[in-house]
Amino acid sequence: MASLTKNPNVNAWVDEMIALTKPDKVVWIDGSTEQLNALRAEATETGEMTWLNQEELPGCLYHRTAVNDVARVEDRTFICTKTKEDAGPTNNWCDPAEMYAKLTPMYDGVMKGRTMYVIPYSMGPIGSPLAKVGVEVTDSIYVVLNMDIMTRVGTRAFENLGDTSNDFVRGLHAKADIDPENRYIVQFPEDNAIWSINSGYGGNVLLGKKCFALRIASFQAKNEGWMAEHMLILGVEKPDGEVKYITAAFPSACGKTNLAMLIPPVCYTEKGYKVWTVGDDIAWLKPGADGRLYAINPENGFFGVAPGTNAKSNYNALASTKKNAIFTNVAINNDDMTVWWEGLDKNPPVNATEWKGAKVNGPEFIAEGNKLAHPNSRFTAPAENCPCISPEFNNPNGVPVSAMIFGGRREKTTPLVYQAFDWTHGTYIGSAVSSETTAAATGAVGVLRHDPMAMKPFIGYNVGDYWAHWLEMGEKLGDKAPKIFNVNWFKKDENGNFMWPGFGDNMRVLDWIIKRCEDAVDAEETAIGYLPKAEDINLEGIEDEVTPEILDKLLAVDKDLWVEEIAEMRRYYNDDIAAKGGRIPEALIKELDKLEERLAK
Ligand code: OXD
Ligand code: MN
C-alpha cells in the first residue's frame, strides 16, 4: 500500500523497518472508518479480540493479553543515551550501539507471515503548536485500534509534520513471541526512536503514551524549553463562570483518572461549581505569550485502570467506557457479553470468564480468594465520550495552569494538603514524592518507593538534570509560575482506616487550593509549608465522617515522622541519586537543609 506522505524522512525510515522486519504486507493507517472497521472485523474473526454486547456496549471490544504480559515492565525498560550519565540513576541504561546490535537480530524477519501497520499519529490537537508527530509500525491490530482511541491517527497527523521535517518519533513494535525473557521497551532519545518487542500490554506497546509522551518528550522538553509530565489536567468552573486549571502528578494507579473526572459534592454543585476534564495522565506544558504556563493533553483517550471504577467512584470514567471502548483483561459475563471487574458492583457474574480465559462461577471463584479481573485490567475509552470533557480539550493553545499538585499513597507523615513556599520549594517537594507501589507495573505491590514527580519510570534522562530543568522553568515563569501543592488522600488512622473520604470530596481540597491561588484565604505557616487552617476546609455534609479530631489528624505534621522523612531524603539524594551519577541541583539540597532547620526550631 502506497505511503500516505511525501515526507522522505518518514518514507525512508518505514522502508528501513520493512527491510528489517520483512512483513508479508504493509498497511498504512489512514484513520478512515472503513479501514478501522475492516480491522475490527479481522481481529474478531481471528479471535484476537471479541465483540461485546453491541446493544449495551456499542462498538466495544474485548481483548486478553498473555498471562505474563499484564503491566509495564520497568526492569526491561531502557533509556539508551550515548553516555550512562545522561540516562542517570533512575533508568536502566545500555549503549545505543550495543542495544541496536542486540535487538536487530530479534527484529530481523519478525513480521514474516504478518502484516505491518504503519500508524501516523499526532500527540496533541492537530494544528497545535504544542503537538508532535509520531509514526508507529506494529504487527498488532490491537495496537492500531488502541492508538486510534488514545491519539489522533491517520493521514491528518502528517499535517503537523509537513513534507520535509524530520521531527517525528519513530516507534517500532513487534509482538514476536511475547517472550518475557526477551521483552524490551527501549527508548533512544537522541534518535527520536522507540523499539518495543515481545509484549502486547498497553503501556509497553502504545508507543505514543509512556514511551513517547513522557520518556522521549521529557528529553525533548528539556532541550526545547517545555515540560512533559505525568499529570492530569482539570478545570474547576466557579459559580461566576471563571475556570481555574490545575494539574496533578500522582504515581500510576493512585487516582489521577478519578480526580480528573470528579463530581463535586452537592454543597458545591448547588452553588454552580463544575469540574472539567482536560486530561487524566499526561500534560505537556509550555509558557504562553502572556508568560503563564499552558497545558495540553497530548492524548485523545483514557487508558484507565478498571478495578475500583464504578458509578460512585468515577461515574464519568464509567460513562466514557459505554461505547467504542476496548476492555483488556477484565472479566466477561457470558450471559450477556458485558464486562465486570472487582469494585464495579456487588454482583460478579455467575457465568463468567475470568481474565485468564477460564469459565468460572464468579462468586465462588472470588470466595476462593481469586480475582475475576486482573488488578491492572484496563479500559481504553475515547475522551469525547466523557460527560465532563472540557470544552477546551481541543484548544490548540492549551489551558493556563494556576496550580500544580503532587501526591502519592502515604499511610502517614504527609498531611492531607499543604502548599510549597515557592517554586523551588515545590520542586523539592516533587523530588521527594514517594508512594506505595501498585499493580500498574510488575513487582511487589504496597511497598513505599521514591517516585519523584510521579515520573520515576518515565524521565527520559538524568533525574538531576530533570530537576534542574524544573528549576529553570520556574525562573523563566517568575511570578507567573503556578503555585505548587502536595496532597495525600491516603492517610490512615491508628486502626489502619482511611481518614479522608476522597473521590468527589477531594473537591474540598481543590477549593482551598484555588482560594490560595487567588489569595482569598490565609494559611498556617509550618516547617513543611503552608497548611490550611482547619476552618478553611469546607466539611459541609461530611461533618459526621470527618470530625474536628479527624481533620486535626489529617492536617497534623508529626515532627518525629518528618525527622525520619528528612533522614530518608538525605539517604535517597546521597545513595540513590548522587552516588549513582544523579546531578542534584544545589538549590534542592539547600531546600532539604532549610526544611531540616525549620523543623528543628
Ligand atoms: C498508566 C500508568 O497506564 O501510569 O497510565 O501505568
Ligand atoms: Mn500513568
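Let me start with helix α12, residues 423-431: eight of its nine residues are buried, so the helix is largely enclosed by the rest of the structure. Before going on, note that this is a predicted model. The buried residues of α12 are W423, H425, G426, T427, Y428, I429, G430 and S431. At the start of the helix there is a contact to point out: a side-chain oxygen of D422 comes to within 3.2 Å of the backbone nitrogen of T424.

Next, the ligand. Where does ligand 1 sit? Ligand 1 is in the largest pocket. The residues around ligand 1 are R72, K209, K210, H230, S252, D281, F303, R378, A440 and F458. By class, that shell holds five charged residues, three nonpolar ones and two polar ones.

For those of you who want distances, I have three, each from an oxygen atom of ligand 1 to an N or O atom in a side chain. For R72 the distance is 2.9 Å. For K210 the value is 2.9 Å. For H230 it is 3.4 Å. As for cover, ligand 1 on its own has 210 Å² of accessible area, and the protein covers 95% of it.

Now some backbone geometry. As background, most residues other than glycine have a negative phi. Which phi value does A253 have? The phi of A253 is near 60°, which is positive, and A253 is not a glycine. A253 belongs to the loop between β14, residues 243-249, and α8, residues 256-260. Its relative accessible area is 29%, so A253 counts as partly exposed, the range between 20% and 50%. A253 also has a partner from elsewhere in the sequence: T438 is 185 residues away along the chain, yet the two C-alpha atoms are separated by 6.3 Å.

The second case is N324. Its phi is positive, about 50°, and N324 is not a glycine either. N324 is in the loop between α10, residues 315-320, and β19, residues 326-328. With a relative accessible area of 39%, N324 is partly exposed.

Two further residues, taken for their contacts across the sequence. Take G200, in the loop between β11, residues 193-197, and α6, residues 202-205. Is G200 buried or exposed? Its relative accessible area is 13%, and buried means under 20%, so G200 is buried. From G200 to V143 the C-alpha distance is 7.9 Å, with their positions 57 residues apart in sequence.

The other is L554, which is part of helix α15, residues 548-555. L554 has a relative accessibility of 0% and therefore counts as buried. Its C-alpha atom is 7.1 Å from that of M499, and the two residues are 55 apart along the chain.

To recap: ligand 1 occupies the largest pocket, with 95% of its accessible area covered by the protein. Helix α12 is largely enclosed by the rest of the structure. A253 has a positive phi, and N324 has a positive phi as well. That is what I had.

Technical notes. Residues are numbered from 1 along each chain as its sequence is written. Chains are lettered from A and ligands numbered from 1 in the order in which they are written. This is a predicted model: local features need pLDDT of at least 70, side-chain atom pairs count only at pLDDT 80 or more; totals for chains, interfaces and linings use all residues. Side-chain values use heavy atoms; hydrogens and water are left out. A residue is near a molecule or strand if one of its heavy atoms lies within 4 Å of it. A polar contact is a pair of N or O atoms within 3.5 Å; within protein, one must be able to donate a hydrogen and the other to accept it, and residues adjacent in sequence count only if both atoms are side-chain atoms. Accessible areas come from the Shrake-Rupley method with a 1.4 Å probe; for residues, only the protein chains shown count as cover. On a 1 Å grid over the protein atoms alone, a cavity is a set of points where a 1.4 Å probe fits but cannot get out, and a pocket is an open set with protein on both sides within 12 Å along at least five of seven lines; lining residues have an atom within 4 Å of a point. A molecule sits in a cavity or pocket if more than half of its atoms lie within 2 Å of its grid points. Ala, Val, Leu, Ile, Met, Phe, Trp, Tyr, Cys and Pro count as nonpolar, Asp, Glu, Lys and Arg as charged, and the others, Gly among them, as polar. Buried means under 20% relative accessible area, exposed over 50%, partly exposed in between (1.4 Å probe, protein chains only). Helices (H or I, at least four residues) and strands (E, at least two) are DSSP runs, numbered from the N terminus.
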